[in-house]
Amino acid sequence: MKINVTGGEMSPREIDKYIEYVEEKYRGRQIKGIDIFINGDFVDLKTYFKDMDFQRAYRSTDYLVESTDKLNDAKQREFADTTRHNIKNDLL
(Lines give C-alpha, C1' and ligand atoms only; values in the text may rest on other atoms or scores of the structure.)
Protein backbone atom coordinates (compact mmCIF):
# COMPACT_ATOMS: atom_id res chain seq x y z
CA MET A 1 0.00 0.00 0.00
CA LYS A 2 1.39 3.38 -0.99
CA ILE A 3 1.01 6.24 1.51
CA ASN A 4 1.68 9.89 0.58
CA VAL A 5 1.75 12.61 3.25
CA THR A 6 1.69 16.24 2.07
CA GLY A 7 1.44 19.55 3.90
CA GLY A 8 3.42 18.51 6.96
CA GLU A 9 5.03 15.66 8.81
CA MET A 10 3.38 12.72 10.53
CA SER A 11 4.81 10.01 12.76
CA PRO A 12 4.66 6.38 11.63
CA ARG A 13 2.24 5.70 14.51
CA GLU A 14 -0.15 8.42 13.29
CA ILE A 15 0.03 7.05 9.75
CA ASP A 16 -0.76 3.55 11.05
CA LYS A 17 -3.84 4.93 12.84
CA TYR A 18 -5.11 6.51 9.61
CA ILE A 19 -4.49 3.23 7.74
CA GLU A 20 -6.51 1.38 10.41
CA TYR A 21 -9.30 3.96 10.09
CA VAL A 22 -9.48 3.60 6.30
CA GLU A 23 -9.35 -0.22 6.44
CA GLU A 24 -12.21 -0.24 8.96
CA LYS A 25 -14.27 2.28 6.98
CA TYR A 26 -13.86 0.38 3.71
CA ARG A 27 -13.91 -3.16 5.08
CA GLY A 28 -13.91 -5.73 2.28
CA ARG A 29 -12.27 -3.40 -0.26
CA GLN A 30 -8.64 -3.75 -1.29
CA ILE A 31 -6.81 -0.49 -0.72
CA LYS A 32 -4.08 0.46 -3.18
CA GLY A 33 -2.99 3.72 -1.54
CA ILE A 34 -3.88 6.66 0.69
CA ASP A 35 -3.05 10.33 0.25
CA ILE A 36 -2.95 12.20 3.57
CA PHE A 37 -3.24 15.98 3.25
CA ILE A 38 -2.33 17.96 6.38
CA ASN A 39 -3.87 21.43 6.60
CA GLY A 40 -3.10 22.95 9.99
CA ASP A 41 -5.20 21.09 12.57
CA PHE A 42 -7.15 19.24 9.87
CA VAL A 43 -6.35 16.12 7.86
CA ASP A 44 -8.00 15.08 4.59
CA LEU A 45 -7.77 11.53 3.28
CA LYS A 46 -8.06 10.33 -0.29
CA THR A 47 -8.26 6.56 -0.70
CA TYR A 48 -7.39 4.59 -3.85
CA PHE A 49 -8.74 1.08 -4.37
CA LYS A 50 -7.48 -1.90 -6.34
CA ASP A 51 -9.65 -3.02 -9.23
CA MET A 52 -11.97 -5.82 -8.27
CA ASP A 53 -13.44 -8.51 -10.48
CA PHE A 54 -17.07 -7.88 -11.28
CA GLN A 55 -19.39 -10.83 -10.90
CA ARG A 56 -22.50 -10.95 -13.02
CA ALA A 57 -25.72 -10.23 -11.19
CA TYR A 58 -29.09 -11.09 -12.66
CA ARG A 59 -32.16 -9.04 -11.81
CA SER A 60 -35.14 -11.26 -11.23
CA THR A 61 -38.35 -9.39 -10.40
CA ASP A 62 -37.30 -7.34 -7.37
CA TYR A 63 -34.13 -9.05 -6.23
CA LEU A 64 -30.64 -9.86 -7.49
CA VAL A 65 -29.35 -13.40 -7.91
CA GLU A 66 -25.83 -14.64 -8.70
CA SER A 67 -26.98 -17.47 -10.93
CA THR A 68 -30.11 -18.30 -12.90
CA ASP A 69 -29.73 -22.04 -12.23
CA LYS A 70 -32.17 -22.09 -9.33
CA LEU A 71 -34.92 -20.15 -11.11
CA ASN A 72 -37.90 -21.87 -12.69
CA ASP A 73 -38.04 -22.61 -16.44
CA ALA A 74 -40.15 -19.56 -17.30
CA LYS A 75 -37.77 -17.17 -15.56
CA GLN A 76 -34.75 -18.84 -17.21
CA ARG A 77 -36.39 -18.37 -20.63
CA GLU A 78 -37.04 -14.73 -19.74
CA PHE A 79 -33.32 -14.21 -19.05
CA ALA A 80 -32.40 -16.00 -22.28
CA ASP A 81 -34.70 -13.69 -24.27
CA THR A 82 -33.47 -10.41 -22.78
CA THR A 83 -31.29 -8.07 -24.80
CA ARG A 84 -27.80 -7.80 -23.44
CA HIS A 85 -25.98 -4.49 -23.59
CA ASN A 86 -22.22 -4.39 -23.97
CA ILE A 87 -20.18 -1.90 -21.99
CA LYS A 88 -17.56 -0.24 -24.13
CA ASN A 89 -14.08 -0.19 -22.61
CA ASP A 90 -13.60 3.47 -23.53
CA LEU A 91 -16.47 4.42 -21.21
CA LEU A 92 -14.81 2.88 -18.15
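## A walk around the sheet and its core

Start with the whole protein chain: residues 24 or more positions apart account for 31% of its contacts with a separation of 6 or more, a contact being heavy atoms within 4.5 Å. What you have open is a predicted model, where local features need pLDDT of at least 70 and side-chain atom pairs count only at pLDDT 80 or more, while totals for chains, interfaces and linings use all residues. Numbering starts from 1 along each chain as its sequence is written, and side-chain values use heavy atoms, with hydrogens and water left out.

Switch to a cartoon view. You'll see two helices and five strands, running β-α-β-β-β-β-α from the N terminus on. Helices (H or I, at least four residues) and strands (E, at least two) are DSSP runs, numbered from the N terminus. Of the 92 residues in the protein chain, 18% are buried; buried means under 20% relative accessible area, exposed over 50%, and partly exposed in between (1.4 Å probe, protein chains only).

**Stop one: the sheet.** Select strands 1, 2 and 3. They make an open sheet with the order 1-2-3 and mixed pairing. Its edges are strand 1 (2-6) and strand 3, each pairing on one side only. On average, neighbouring strands here are turned by 15° against each other, direction ignored (axes are lines fitted to C-alpha atoms, for helices over the stretch in contact, and angles run from 0 to 180 degrees between N-to-C directions). Strands of a sheet pair through backbone hydrogen bonds, either parallel or antiparallel. Now keep just strand 2 (residues 31-39) and strand 3: they pair in the antiparallel sense over eight bridges, where pairing takes at least two bridges found by DSSP. Pick out Ile38 and you'll find Val43 of strand 3 standing opposite.

**Stop two: the core.** Next, select Met10, Ile15, Ile19, Val22, Ile31, Ile34, Ile36 and Ile38, the eight residues of the largest nonpolar core. Such a core is a set of buried Ala, Val, Leu, Ile, Met, Phe, Trp, Tyr and Cys residues joined through side-chain atoms within 4.5 Å. Helix 1 (12-25) and strand 2 are the elements that give two or more residues to this core, and strand 2 gives the most, with four. Zoom in on Ile36: not counting residues up to four places away in sequence, its contacts include Ile3, Met10, Tyr18, Val43 and Leu45.

**Stop three: Ile3 and Thr47.** Ile3 is in strand 1 and is partly exposed, at 26% relative accessible area. Beyond its neighbours within four places in sequence, Ile3 contacts Ile15, Ile19, Ile34 and Ile36. Now jump to Thr47 in strand 3 (residues 42-49). Is Thr47 buried or exposed? Thr47 is buried, with a relative accessible area of 17%. Leave aside neighbours within four places in sequence, and Thr47 touches Val22, Tyr26, Ile31 and Gly33. Draw a C-alpha to C-alpha distance from Ile3 to Thr47: they are 44 residues apart in sequence and 9.5 Å apart in space.

**Last stop: the rings.** Show Tyr26 and Phe49, an edge-to-face aromatic pair with 5.0 Å centre to centre and 75° between the planes. Rings of Phe, Tyr and Trp (its six-membered ring) pair if their centres lie within 6.5 Å; planes under 30 degrees apart count as stacked, over 60 as edge-to-face and the rest as tilted. Tyr26 lies in the loop between helix 1 and strand 2 and Phe49 in strand 3, so the pair ties together parts 23 residues apart in sequence. Finally, add Arg29, whose charged end sits over the ring of Phe49, 3.8 Å from its centre (the rule: NZ of Lys or CZ of Arg within 6 Å of the ring centre and within 35 degrees of the ring normal).
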